[in-house]
Amino acid sequence: MTTVLRLRRAAAGEFVKLARTRSLTWTLAAGVLLAALSALVGGMVGQSDGSLTSRDVLPLGAAVALPFATAFGVMVFAGEVRHGTLTVLLAAEPRRAVVVAAKTVPALLGGALMGAAAAALSGGAVQVTLGDVPGALFARVLWGSAAAGAFLALFGLGLAALVRNQGAALFVALGYQFAGEELLRFGVRREVADLAERLPITLANGLAMGDPLPDARGIAVAILAAWSLGTVVVGTLAFARRDALP
Amino acid sequence: MSDPPAIEFRSVTKRFGKRTAVDGLSLSVAPGEICGLLGPNGAGKTTALRMLLGLVRPSAGATLVFGRPLRAFEQPARVVGAVMENAPLHPGRSARDHLSALAPLAGADRARVDEVLEFVGMADAARRRARTYSLGMRQRVALAAALLGRPRVLVLDEPANGLDPAGIRWLRDTVARLAHEEGCAVLLSSHVLAEVERAADSVAVVDRGRLVAAGPTRELVGARQRVRFAGPDAARLAEALAANGAPPHPDGAGSDGPAFVVEGVAAVEVGRAAAAIGAVLAELREERDSLEEVFLRLTGGDGDVAAATGADGGSGAPARADSDDRTTREQRRLSA
């Protein structure tokens, strides 16, 4: 019970930070705006030369926002390290696991909201330019983006707890997002190809774009959640063992 | 069974690889006591404070607050308030935002946030972003954050950094009031030795990670009391004192004649001796080492620690040769 109370108190403080830290809110807003802009431009191109349909453009718009979810998750933790405020927080709540757990709540919520908003605005932009947005695809993209945004933010948070330095954590997280899994898949044997399809970024992109997945979508979300939570657990264990030095 | 001290370092050691930052530190601070933690740069002060706050894990020993590790308290921010070195703040958040984010952990409501901002004189600037604050303003915000939960223990790491003279005086008065009127135990590290001398009830000096002296401030600075006298008959008085077993040393020229310094004799005794021989003096005053002089002697390695602290009965043991036994004795003195 005490741990739950401590967690609630710490999470309440994290929501205040989320609401009042511009760098965090601007990161989320940038993801949403870029997704909408991408969908708008894609829609206009499709409108002018007919090379793209709403089925092509809608998923791309939503997927563009995902790296911002990862960056957001990194900044929720590493921003505190960068500005030295993590030590102030730890002096008020010395239990490291509570501190990290409290940060997962706004990270999940912020990532989910950003993913959903990016998908919704992308859908709107496609509807305006190309019209005829398929309802089933839009629904898949909408909740898939929300789930992908939430768990990629969590993935970023876990990496930040592991790496701590904000610049290094962003480099690792975004480097992995853009190139890591492609490199991992490069030249893999057929026997492990199925496993490669279940890596976190591949799953997140598939969910956000409404693509066919190797498993049922619910299972895909569960696998992505397991990757993210696993990263957070590893990050928390590493964080708990380290000293908080200036 | 007596109440546990508000703050206790119990044979705490911290090693970073091969380097020992804190070596067997034992120290305790009672409720209502202000203890100044002094030491040269790299002596281990900040590491010691961070171990108390749970930010750094000791390699050996334990740090306790009212007999328990800080993390064992249900709401640690209501027990210990801390001002970290350089008062870190997020540059994009205002003082009010910073405090509002910490308020749930300290069990503080919005009214309490306003109250502490007002208390530290930051109410007018509370909505400005921290990137516009001076270091002194950041220190005030950090103190406000430390006070949010009305803690019974304050840990202040260089709290006077960046404060102007009026701010330093305000800080001293505030800390004194919190300690002496509200019973708050205060452990503060500072490089402003004159302020520590004025504010602290007790002082602990660490050097290269080891406690080299600890005790009430008055005892520490008064351990080498001496009397300086000068005047036309000063030389005659010096001879009389020497004949009584307290030989003075020449100390340059004073007003209207030579000057001498004698140790181990009170000023009133020197005055009586002068009266007895009818000596005319132009100057007679008692002198004590300042905390700065004590500190430099202790940490410079050229002094007699035992004489300064009285801990070893004047045996003249060098500061660096102190043992855990001695540390324990000093700790007992502080606890007492």
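Colleague: Why is B:Glu158 called buried?

Modeller: Its relative accessible area is 3%. Buried means under 20%, exposed over 50%, and partly exposed in between, with a 1.4 Å probe and protein chains only. At 3%, B:Glu158 is therefore buried.

Colleague: How were such values obtained?

Modeller: This is a predicted model: local features need pLDDT of at least 70, side-chain atom pairs count only at pLDDT 80 or more, and totals for chains, interfaces and linings use all residues. Residues are numbered from 1 along each chain as its sequence is written, chains are lettered from A and ligands numbered from 1 in written order, and side-chain values use heavy atoms, without hydrogens and water.

Colleague: What else marks B:Glu158, and where is this residue found?

Modeller: Its phi is positive, about 50°, although B:Glu158 is not a glycine. The residue is found in the loop between strand 6 (153-157) and helix 5 (165-180) of chain B. Helices (H or I, at least four residues) and strands (E, at least two) are DSSP runs, numbered from the N terminus.

Colleague: What is the phi of B:Ala87?

Modeller: It is near 40°, a positive value in a residue other than glycine. B:Ala87 lies in the loop between strand 5 (80-83) and helix 2 (95-106) of chain B. With a relative accessible area of 1%, B:Ala87 is buried.

Colleague: What makes A:Arg6 and A:Glu93 a salt bridge?

Modeller: Their closest N and O atoms are 2.9 Å apart. A salt bridge needs a side-chain nitrogen of Lys or Arg within 4 Å of a carboxyl oxygen of Asp or Glu, so the pair qualifies. A:Arg6 lies in helix 1 (residues 2-20) of chain A and A:Glu93 in the loop between helix 5 (85-92) and helix 6 (96-129), so the bridge ties together parts 87 residues apart in sequence. A:Arg6 is buried at 1%, and A:Glu93 at 2%.

Colleague: Which residues form salt bridges with A:Glu80?

Modeller: A:Lys17 is one partner, with the closest N and O atoms 2.6 Å apart. That pair links helix 4 (residues 66-83) of chain A to helix 1, so parts 63 residues apart in sequence are tied together. A:Lys103 is another partner, again with 2.6 Å between the closest N and O atoms. A:Lys103 lies in helix 6 of chain A, so this pair ties together parts 23 residues apart. A:Glu80 is buried at 4%, and A:Lys103 at 0%.

Colleague: How many salt bridges does the whole structure hold?

Modeller: The search finds 23 over all chains. In chain B, a network of them links B:Arg226, B:Arg228, B:Asp251, B:Glu283, B:Arg285 and B:Glu287.

Colleague: How do you know that B:Cys35 is in no disulfide?

Modeller: The nearest cysteine sulfur, that of B:Cys184, is 13 Å away. A disulfide needs two cysteine sulfur atoms within 2.5 Å, so B:Cys35 is in none. Over all chains, the structure holds zero disulfides. B:Cys35 is buried at 0%, and B:Cys184 at 4%.

Colleague: Why are helix 2 and helix 4 of chain A called roughly antiparallel?

Modeller: The axes of helix 2 (residues 22-49) and helix 4 come within 9 Å and cross at roughly 175°. Axes are lines fitted to C-alpha atoms, for helices over the stretch in contact, and angles run from 0 to 180 degrees between N-to-C directions. Under 35 degrees counts as roughly parallel, over 145 as roughly antiparallel, 65 to 115 as roughly perpendicular, and the rest as oblique. The two helices are therefore roughly antiparallel.
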